[in-house]
Amino acid sequence: MAEFCNLAGKTALVTGSSRGIGFALARGLGARGARVFLHGASDSPKLRSAADALKADGVSAAAVVADFARPDGPDALARQLGPEGVDILILNASLQLPKPWNEISDDDMLAQYRIDFMSSVRLIQLLQPAMAARKWGRIVTVGSLQQQRPLRHMAVYSALKSAQENLARNFAMQFAKDGITVNNVAPGTIRTDRNVAALADKAYERKIEEAIPAGFIGAPEDCVSAVVMLCAPESRYITGVDLMVDGGKHLSSV
Ligand SMILES: NC(=O)c1ccc[n+]([C@@H]2O[C@H](COP(=O)([O-])OP(=O)(O)OC[C@H]3O[C@@H](n4cnc5c(N)ncnc54)[C@H](OP(=O)(O)O)[C@@H]3O)[C@@H](O)[C@H]2O)c1
């Protein structure tokens, strides 16, 4: 049987892949033969060691830097990719600023809006035309279980994840004729830098685990199969879906 999801000859950009879920996704796509652009907000040691790790795997990898808090961030990133752009675009970069609803400042809102939503729209505007010209493209937005089940102190973040998922369905409808699929992957609780401090509280960690039917908190690598599957050449007829990767947490009443 032919190998499933051979991405040889394809180029992928994973935003926010200096660490966490984005890094795991970049590694997963690289393992399928894609050439990979890793991305971070700044030229950090983490970003450089992420690129080194992929190269050590034998993947053709390069790091690009752009701060999406800046209005010109997405354009600056696209310029670093060259005129061919990419075949696979994974929109994963994110900022989460937990606060009680009545303490969220305009600056908090604007930063999350730019990084969690506006950068996705702009990067798609910049990179979709080259995909359309080649009649092949895969776009995956990384959302969150919070699209459906918002958490108290993350009102703006949750709302922006819902908005991004809606955007994915809209673009899925518009881009299908050009061989481009657009899907959303929604992780539940995945152990990364953003929750490591909270999960160090063992009582809190236990409470989270009890709300997950699978009984454990996910690892970044648990998000890879969903994204790789959606990027496969064989997945050309799958578009506009919202795929939960949460150990069944969306089913839980806890
Ligand atoms: N972890 C979870 O439990 C969970 C649950 C549901 C959904 N998600 C979603 O999954 C995705 C990855 O989450 P994660 O936990 O792996 O995130 P993370 O560990 O917090 O990493 C965030 C990534 O986004 C980049 N980033 C942050 N601010 C940026 C900016 N101003 N401009 C450009 N890039 C910026 C970071 O780059 P630097 O390293 O340069 O800062 C980093 O690569 C996000 O979309 C998140 O919302 C995560």
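Which residues does V227 touch, not counting residues up to four places away in sequence? They are L25, G28, I90, V140 and V185, where touching means that two C-beta atoms, placed from the backbone, lie within 7 Å. Before going further, it helps to know that this is a predicted model, in which local features need pLDDT of at least 70, side-chain atom pairs count only at pLDDT 80 or more, and totals for chains, interfaces and linings use all residues. Residues are numbered from 1 along each chain as its sequence is written.

V227 also belongs to a bigger picture. Along with V36, L38 and I90, V227 has the most contacts inside the largest nonpolar core, a set of 58 residues. Such a core is made of buried Ala, Val, Leu, Ile, Met, Phe, Trp, Tyr and Cys residues joined through C-beta atoms within 7 Å. Buried here means 20 or more other C-beta atoms within 10 Å of a residue's own; 12 or fewer makes it exposed, and anything in between partly exposed. Apart from the largest core lies another one of five residues, including F117, M154, V156 and L160.

V227 sits in helix α8, where V224, A226, V228, L230 and C231 are buried too. (Helices are DSSP runs of H or I with at least four residues, strands are E runs of at least two, and both are numbered from the N terminus.) With six of its eight residues buried, α8 is largely enclosed by the rest of the structure. The cover over those buried residues includes α1, β4 (88-91), β5 (137-142), β6 (180-187) and β7.

Helix α1 (residues 20-31) is worth a look as well, as it gives the most to the shell around the ligand, with three residues. That helix is largely enclosed, because eleven of its twelve residues are buried; among them are G20, F23, R27 and G30. Just after α1, G33 takes a positive phi of about 105°.

As for the ligand, 29 residues surround it, and G16, G20, G40, S94 and T192 come nearest; a residue counts as near if its C-beta atom, placed from the backbone, lies within 6 Å. The shell splits into ten nonpolar, 14 polar and five charged residues.

Finally, the loop between α8 (224-231) and β7 (242-245) holds S235. S235 counts as partly exposed because it has 17 C-beta neighbours inside 10 Å. S235 touches T181, M229 and L230, leaving out residues up to four places away in sequence. The C-alpha atoms of S235 and R138 are 9.3 Å apart, although 97 residues separate the two along the chain.

Notes
Nonpolar A, V, L, I, M, F, W, Y, C, P; charged D, E, K, R; others polar.
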